[in-house]
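Reader: I am new to this structure and should be grateful for a close look at one part of it. Please begin with a single pair of side chains and work outward from there.

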Amino acid sequence: MTLLQLFFLFVSAVILGSAVMVVSTRKMLHAAFWLILALFGVAVIFVLLQASFFAVVQVVIYIGAIAILILFAVMLTRRVMADVGPQVIRAWWLAGIAAALLCAVLVWLLSSWNGFTASLPPLPQRGDPIAELGQALVSPNAFALPFEVASVLLLAALVGAIYIAWERKGK
Amino acid sequence: MIPLSWFLILAAALFCIGLYGVLARKNAIGILMGVELMLNAVNINLLAFWRYRTPAETAGPAFVVIVFAVAAAEVAVGLALIISAYRRRNTVIADEIDLLKG
Amino acid sequence: MNFLLDPVNAIANWLRTLFLGWGVPPDVASFLLSLLGAGILATGAMLWVIFLIWYERKLLGRIQDRFGPNRLGPWGVFQPIADMLKIFTKEYITPQGADKFLYNLAPVLSVASVLMMWVVVPFAVTIYGVDLNVGILYIVAVGALGELAIIMAGLSSNNKYAMLGAFRVVAQLISYEVPMVISLLVPVMLARTMSMNGLVIAQDAWYLFTAPLAALIFMITQVAEVGRAPFDLVEAESEIVAGYNIEYSGLKFGMFYVAEFLHAFTVSLIFATVFLGGWRGPSAEQMPILGFLYYAVKVAIVYFIFILLRGSLPRFRIDQMMDLNWKLLTPLSIAVLAVSAVVDKLLQSIPVFWNHLALFAANVVILWISMTILNRRFRREQTRVAGLEARPARAVQEHISA
């Protein structure tokens with residue numbers, strides 16, 4: 001059990017523990033902060049996968065924007081949801097069984113694949129992975145079309161969110 | 001040193017915990033948090049497969065970039081919808097927003 | 001001679017040989033050295049804040065035609081130490097119903113996020129914490145953690161005013177992140193790298209000259225990000241009732257205070273690195289200590305400008321701040337990015353001097369166009385207000401029925 005493996009187990013325990021707290025804690029505010037801890041753990045996992053760019057992007061986008069947005073929403077809807085009563089539906093045990101079943105099926109399915117226990121291949125010696133990613137995202141042979149569609153999606157989301165949340169002051 | 005299976009099991013577990021959150025939570029914002037967990041599990045999966053199978057290509061990271069963008073867009077619109085519904089119906093419990101119920 | 005030229009690395013190598021001589025395995029020795037370096041950097045930054053507080057108060061005093069602190073010690077240099085002792089000995093009053101863990105974590109996270117920015121700053125060609133290849137993005141990410149600390153402070157204080165104050169601050173901070181990141185993209189694009197040391201090495205001509213508008217937008221947004229005047233609505237001394245740190249006392253408040261000063265200095269470090277050429281100067285590559293000296297001079301100039309801004313500009317209202325951001329800075333920064341990209345790509349093959357001149361000219365053209373547009377709108381607003389003032393009753397009647 002090398003140091004790296006121990007570290008991975010520790011980080012996974014943090015992620016899965018905070019995820020369980022997110023879906024089971026009573027107060028929404030605490031759930032939001034547990035979500036932030038889980039997202040931070042996922043950023044550390046990205047570093048372990050030698051995708052440092054994505055670790056930083058995860059912190060910027062998820063923790064710096066999405067989590068703050070969720071916190072804003074929790075606070076704006078705090079008055080009516082005084083966090084009393086059960087926070088899960090009555091048939092929560094059914095949802096738990098479904099989730100556990102799905103997890104078991106996924107792991108069983110993957111374990112019967114021969115690449116499941118693959119070990120780490122060496123990183124190819126090449127120039128700048130971020131520059132290559134940038135090139136791939138705008139090159140017409142690679143992923144320019146999904147990139148453009150994603151930007152249209154973001155524009156639609158921007159316009160839609162503003163329109164939905166705009167309070168019309170009796171015009 | 002860390003076999004691929006560990007990352008995949010972590011991603012599967014995170015996905016299923018997120019799924020439980022989506023199915024079992026009453027509060028609409030809680031459901032959204034479950035969806036975020038699921039999207040993060042998908043990202044871990046994509047990057048793990050990229051690193052262990054085809055580290056020389058850029059399809060994995062490009063897909064992850066798209067997933068990031070989609071997640072951000074979806075959270076923004078989802079929260080706008082939730083707050084708009086809260087203003088009208090004064091509730092965020094998903095069960096109580098049932099005007100269209102037959 | 002080597003020690004004089006590059007003291008940090010000389011000491012590090014001597015310590016490493018010492019550890020290896022004691023039989024410590026090499027990666028543990030590297031780890032211990034990194035730990036020592038991080039500790040020294042963090043402690044040094046915190047001790048430096050003491051000098052910064054004195055410098056700012058003295059300079060602000062002089063700008064306002066008064067002396068500033070001058071009683072404790074020569075020129076009042078011991079004043080911050082007296083302030084520190086006072087803050088250390090104040091009582092911690094935790095409000096009832098406050099979320100204890102988050103309440104205590106917020107000031108720690110606030111200072112930690114600023115100290116984490118010091119890791120990627122290159123003080124000389126060989127003196128830096130770590131040369132991440134995503135250094136610029138790392139700085140943006142760590143700034144986001146600082147915003148999280150503010151929201152944590154506001155939400156856990158069990159105080160409506162703290163919560164509202166925290167939301168206003170965070171709304172301002174996340175709004176100003178947009179032009180900040182876009183204007184940071186211009187030097188990154190010109191240097192073809194995101195690493196801080198790479199940015200410094202690529203600055204044969206300072207980016208202040210080839211991207212002056214981006215530098216201006218970056219400076220304005222960073223003043224807003226730190227929460228200094230003229231953007232200090234959210235922690236203004238005259239409106240502190242609505243601030244997010246109202247429920248904090250003693251050293252916890254002291255940590256927020258230190259975090260703000262240190263953030264202002266860190267921002268000048270980053271500005272000097274990205275736009276003023278960092279440690280570059282004559283023969284700075286051979287003699288790292290000279291590079292450190294050049295860098296110190298540049299950072300001092302930028303920090304001086306920040307204090308000048310604080311002492312001379314009145315405060316913005318929150319709606320003026322938001323207008324400035326979304327209606328001026330964001331479109332301007334996008335225009336600068338697009339035009340700089342096009343000019344840089346088109347003129348890639350011509351000699352370097354004309355390339356830089358063309359970029360400078362493009363920036364000047366964008367500035368001129370935006371100033372013309374703003375001027376026209378200002379004139380229209382002036383005539384409209386003058387028309388309203390000339391006939392007050394009629395104007396009000398028209399306004400109501402319109």
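Author: In this predicted model, Arg384(C) and Glu381(C) form a salt bridge in which the closest N and O atoms are 3.1 Å apart. Both residues belong to helix H14 of chain C, where they stand three residues apart, about one turn of the helix. An α-helix has 3.6 residues a turn, so residues three or four places apart point the same way. Neither partner is hidden from the surroundings: Arg384(C) has a relative accessibility of 46% and counts as partly exposed, and Glu381(C) is partly exposed as well, with a relative accessible area of 39%.

This pair belongs to a wider set, for a search of the whole structure finds eight salt bridges over all chains. One of them joins the side chains of Asp344(C) and Arg192(C), at 3.1 Å from N to O. Asp344(C) lies in helix H13 of chain C, whereas Arg192(C) lies in the loop between H7 and helix H8 (196–201) of that chain, so the salt bridge ties together parts that are 152 residues apart in sequence. The two partners differ in their surroundings: Asp344(C) has a relative accessible area of 8%, which is under the 20% cut-off and therefore makes it buried, while Arg192(C), with 49%, is partly exposed.

A salt bridge also joins the side chains of Asp319(C) and Arg317(C), with 2.9 Å between N and O. Asp319(C) is partly exposed, with a relative accessible area of 39%, and Arg317(C) also counts as partly exposed, at 48% relative accessibility. Elsewhere in the chain, Glu56(C), Arg228(C) and Arg310(C) are linked in a network of salt bridges.

Helix H13 of chain C, where Asp344(C) is found, deserves a description of its own. Helix H13 covers residues 318–346, and at 1.5 Å a residue its 29 residues should span 42 Å; the C-alpha atoms at its ends are 41 Å apart, which agrees. The helix nevertheless has a kink of about 35 degrees at Leu329(C), shortly before the proline Pro331(C). Leu329(C) is itself among the buried residues of H13(C), which also include Met321(C), Met322(C), Asn325(C), Val336(C) and Val343(C). The buried residues of this helix pack against three helices of chain C: H7 (160–191), H10 (212–226) and H14 (352–390). H14 is the helix that holds Arg384(C) and Glu381(C).

Another helix of chain C, H12 (residues 288–312), can be examined in a similar manner. H12 has 25 residues and reaches 36 Å from its first C-alpha to its last, close to the 36 Å expected at 1.5 Å a residue. Its buried residues include Pro288(C), Gly291(C), Tyr295(C), Lys298(C) and Phe306(C).

A loop of chain C offers a polar contact to set beside these salt bridges. Glu247(C) is placed in the loop between H10 and helix H11 (251–275) of chain C, and its side chain makes a polar contact of 2.8 Å with the side chain of Asn159(C). Leaving aside neighbours within four places in sequence, Glu247(C) is in contact with Ile93(C), Pro95(C), Tyr103(C) and Ser157(C) in addition to Asn159(C). With a relative accessible area of 22%, Glu247(C) is partly exposed.

It remains to place chain C beside the other chains. Chain C does not touch chain B, and the nearest C-alpha atoms of the two are 14 Å apart. Its contact with chain A involves 19 residues from chain A and 21 residues from chain C. About 1,700 Å² is buried between these chains, 84% of it contributed by carbon and sulfur atoms. No salt bridge crosses this interface by the rule, and one residue pair is in polar contact there, both residues being at pLDDT 80 or more. On the side of chain A, helix H2 (28–48) and helix H3 (52–76) are the elements that give two or more residues, and H3(A) gives the most, with 12 residues.

Of the two pairs of chains in contact, chains A and B share the most contacts. In that pair, 83 residues of chain A are in contact with 70 residues of chain B, and the area buried between them is about 7,100 Å², with 79% on carbon and sulfur atoms. This interface likewise has zero salt bridges, and four residue pairs are in polar contact across it, both residues of each at pLDDT 80 or more.

Note on methods
Residues numbered from 1 in each chain as written. Chains lettered and ligands numbered in written order. Heavy atoms only, no water. Helix = DSSP H or I, 4+ residues; strand = E, 2+ residues; numbered from the N terminus. Expected span 1.5 Å × (residues − 1). Bend = angle between axes of the 7 residues up to and from the residue. Buried < 20%, exposed > 50% of the residue type's maximum accessible area, 1.4 Å probe, protein only. Contact = heavy atoms within 4.5 Å. Buried area = accessible area lost by both parts, 1.4 Å probe. Salt bridge = Lys/Arg side-chain N within 4 Å of Asp/Glu carboxyl O. Polar contact = N/O pair within 3.5 Å; in protein donor to acceptor, adjacent residues only side chain to side chain.
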